[in-house]
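These are my notes from going through one model by eye and by script. I wrote down what I looked up, in the order that made sense to me.

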Amino acid sequence: MTKFRTRLLIALITLIIIVLVGLGILLGQLFKSYYLQSFNERLKIERNLLITYIEETGGVSSFNKKDVLKFSEMLDVRATITNPEGKILYDSGGDHGSSENDTIALNEIIQDVIKKKPKKEDRLEEGADFDLHYYWKPIKKDGQKEGYIFLSTKTNEVYQAYGQIWWILSLSLGIAFIAIIYLGIKITTRYTKPIESATNVAIELANGNYRARTSVDRLDETGMLGTSINMLAENLQELTKAHEMQQDRLSVLIENMGVGLVLIDSRGYINLINKAYSEIFHVNSKDHLFKLYYEVIENEEICQLIAEVFRTEQKVSKQLLIPFWIERRYFVVYGVPIIGTNNVWKGVLLVFQDITELKKLEQMRKDFVANVSHELKTPVTSIKGFTETLMDGAMNNKETLEAFLSIILKESDRLQTLIQDLLELSKIEQQGFQLNIQDVDMRELLEEVITLLTGKAEAKNIHLEFYSKLNELLVKGDPDRLKQVFINLIGNAITYTPAEGDVKIILLDCKENVRIHVKDSGVGINEEEIPRIFERFYRVDRARSRNSGGTGLGLAIVKHLIEAHHGHISVKSKVGEGSEFIIEFQKN
């Protein structure tokens, strides 16, 4: 902006110099013309005055030389009087010692005037040392020309006057120039400073600094400019904030919406990959961005779907089974064409929705329905079959009647237990399920459970042992539900442990957590079956489980209750070596 001020000041100075120089020349010429005109008029008047005097005193033949000399000295001119033929009758210059060259020049002018009789009655003769100005006029008497009078004077005074005029003009114009320059600097600074400030703010705005403002201390056009710039900056700042907020919201939404997104432009280049896509497919976004989709997307079905969207410009959706190393996952892939205003093709948006869990849940639902149907069908079929047999006449045999009724009662109890477990599991899985939380002494609770199951263990001659070095260990929980958990776990350990086996319950204090180990020396579980033992109706050995009276829902109930207490359960087991269930709760 300094360059602008400098250019403006230089332009102003140049204009002022041109104006002042032109004005000085004009004024000098005017003063020169005026002074020269005044000088000439004065000499003409002096010439006419002498002619009038000579004519009134009797003409050329009778004028008084002393009076002419006196007039010549008073007027500071050289007066020369000649007859009509040009002969000099009187020359005041001879009395003052004029040079011979001046006299020769005067004679030449006299002869030239008499011979040529020019209309103009004055002449300027330039010399080496000084210039002479001549004025002449005929002297008449009674209408007859009887001679001439020539007046000559040096023009040194004129040139001195010219010098004084130019000196005064130069001094005046110099002072005026200095004053104008000073005022010009002040004025240009005053008017360019707000413009400089507005320009600097505009540059800051162009560079993205929307907090820049200019000071406004005037009410003229520059003040209006500053106010307008400030209003523009405020509007841009607000728009930028709104845009940034919207951009942040959009970025957060895209990155955390839980589905994979891929944006492909109209040329087939990938412009956007969100975090979910990178995590799902285990790719680095830098390896995919700004590359052709068919060069970086390895799955052929996905590339075909994208090509179909490009070809048809219609929305396409497909369910795809995509392998990932040792697992396979299900996705619903949506391909959506992006068409802007005026039907301008922008590209394709791909949405990857992982439905693997939904597929698993659907399969679990199918398995659950099948298992429930199967589990309910078996006791109902048994009850119906034995009842029909009794009605057909078997009840007349007392021994057969007692055996059949015993089987019917057993199947009825099993059916009742199954229904109770289903109701219990349904209740636990409900959203509004609540626990009666209070301080629970885990040692005391486990001792109560062991006391309840001692008879069952003794029936199979199983050694049931409890290990704990602590007198008291409190946790926050529902005592009835916790008791249900350990009755189930310890009961299962007794059930699946052969006679003469061992079942150990170990209570440990692990700083922030309480850990309970339920370990048996039973049949054990295959490693590949361990992740599924907490599923509903899943049995490691269906025949033995059914014979043991189990419903296949116990461990599912256990898992839900432990998670409701914010605990954790894990399993270690080997076939033929027994199983170990490890439960952890947070300490009180």
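The entries below cover a sheet, a loop residue, ring pairs, the nonpolar cores and a few single residues.

**Entry 1: the model**

I am working with a predicted model.

**Entry 2: an open sheet**

I looked up the strand order of the open sheet and got E7-E6-E10-E9-E8, with antiparallel pairing among its 5 strands. Which strands stand at the edges? They are E7, residues 270-273, and E8, residues 316-324. Each has a single partner strand, so one side of each is left without a neighbour in the sheet. I also noted the twist: neighbouring strands are turned by 25° against each other on average, with direction ignored.

I then checked the E6 and E7 pairing. Strand E6 spans residues 260-265 and is joined to E7 by 3 bridges, the two running antiparallel. Within this pairing, Leu 263 stands opposite Leu 272 of E7.

What packs on the sheet? I found helix H10, residues 300-312, in touch with E6, E8, E9 (327-339) and E10 (345-354). The direction of H10 makes about 165° with that of E8.

**Entry 3: Asn 274**

I went to the loop between E7 and H7, where Asn 274 lies. Is Asn 274 buried or exposed? Its relative accessible area is 1%, so I list Asn 274 as buried. I looked for polar partners of its side chain and noted two backbone atoms. One is the oxygen of Val 259, which lies 2.8 Å from a polar atom of the Asn 274 side chain. The other is the backbone nitrogen of Leu 261, reached by that side chain at 2.9 Å. Setting aside residues up to four places away in sequence, Asn 274 touches Ile 254, Glu 255, Met 257, Val 259, Gly 260 and Leu 261.

**Entry 4: aromatic pairs**

I counted ring pairs and got 7. For Phe 281 and Phe 352, the ring centres are 5.3 Å apart and the planes stand at 80°. An angle over 60 degrees counts as edge-to-face, so this pair is edge-to-face. Phe 281 sits in helix H7, residues 275-281, and Phe 352 in strand E10, so the pair ties together parts that are 71 residues apart in sequence. Both rings belong to buried residues: Phe 281 has a relative accessible area of 14%, and Phe 352 has 0%.

I also wrote down Phe 310 with Trp 345, a tilted pair at 5.7 Å centre to centre and 55° between the planes. Phe 310 is in helix H10 and Trp 345 in strand E10, 35 residues apart, and the pair links these distant parts of the chain.

Which residues do ring pairs link into a cluster? I get Tyr 277, Phe 281, Phe 331 and Phe 352.

**Entry 5: nonpolar cores**

The largest nonpolar core holds 38 residues, and those with the most contacts inside it are Met 442, Phe 486, Ile 516, Phe 581 and Ile 583. I checked which elements supply at least two residues each: helices H13 (442-459), H14 (479-495) and H16 (554-564), and strands E14 (502-510), E15 (513-520), E16 and E17 (578-586). A second, separate core has 25 residues, including Tyr 277, Tyr 293, Ile 297 and Val 348.

I then listed the neighbours of Ile 516. Not counting residues up to four places away in sequence, Ile 516 touches ten of them by my list: Met 442, Leu 446, Phe 486, Ile 505, Ile 506, Leu 507, Phe 581, Ile 582, Ile 583 and Phe 585.

**Entry 6: Val 518 and Ser 573**

Val 518 is in strand E15 and is buried, with a relative accessible area of 1%. Its C-alpha atom is separated by 8.2 Å from that of Ser 579, 61 residues away along the chain. Contacts of Val 518 beyond four places in sequence include Leu 489, Ile 490, Ala 493 and Ser 579.

Ser 573 lies in strand E16, residues 568-574. At 15% relative accessibility, Ser 573 counts as buried. What does its side chain meet? A polar contact of 2.8 Å joins the side chains of Ser 573 and Ser 579. A polar atom of the Ser 573 side chain also lies 3.1 Å from the backbone oxygen of Gly 578.

Notes: Residues are numbered from 1 along each chain as its sequence is written. This is a predicted model: local features need pLDDT of at least 70, side-chain atom pairs count only at pLDDT 80 or more; totals for chains, interfaces and linings use all residues. Side-chain values use heavy atoms; hydrogens and water are left out. Helices (H or I, at least four residues) and strands (E, at least two) are DSSP runs, numbered from the N terminus. Buried means under 20% relative accessible area, exposed over 50%, partly exposed in between (1.4 Å probe, protein chains only). A polar contact is a pair of N or O atoms within 3.5 Å; within protein, one must be able to donate a hydrogen and the other to accept it, and residues adjacent in sequence count only if both atoms are side-chain atoms. A nonpolar core is a set of buried Ala, Val, Leu, Ile, Met, Phe, Trp, Tyr and Cys residues joined through side-chain atoms within 4.5 Å. Contact means heavy atoms within 4.5 Å. Two strands pair if DSSP finds at least two bridges between them. Axes are lines fitted to C-alpha atoms, for helices over the stretch in contact, and angles run from 0 to 180 degrees between N-to-C directions. Rings of Phe, Tyr and Trp (its six-membered ring) pair if their centres lie within 6.5 Å; planes under 30 degrees apart count as stacked, over 60 as edge-to-face and the rest as tilted.
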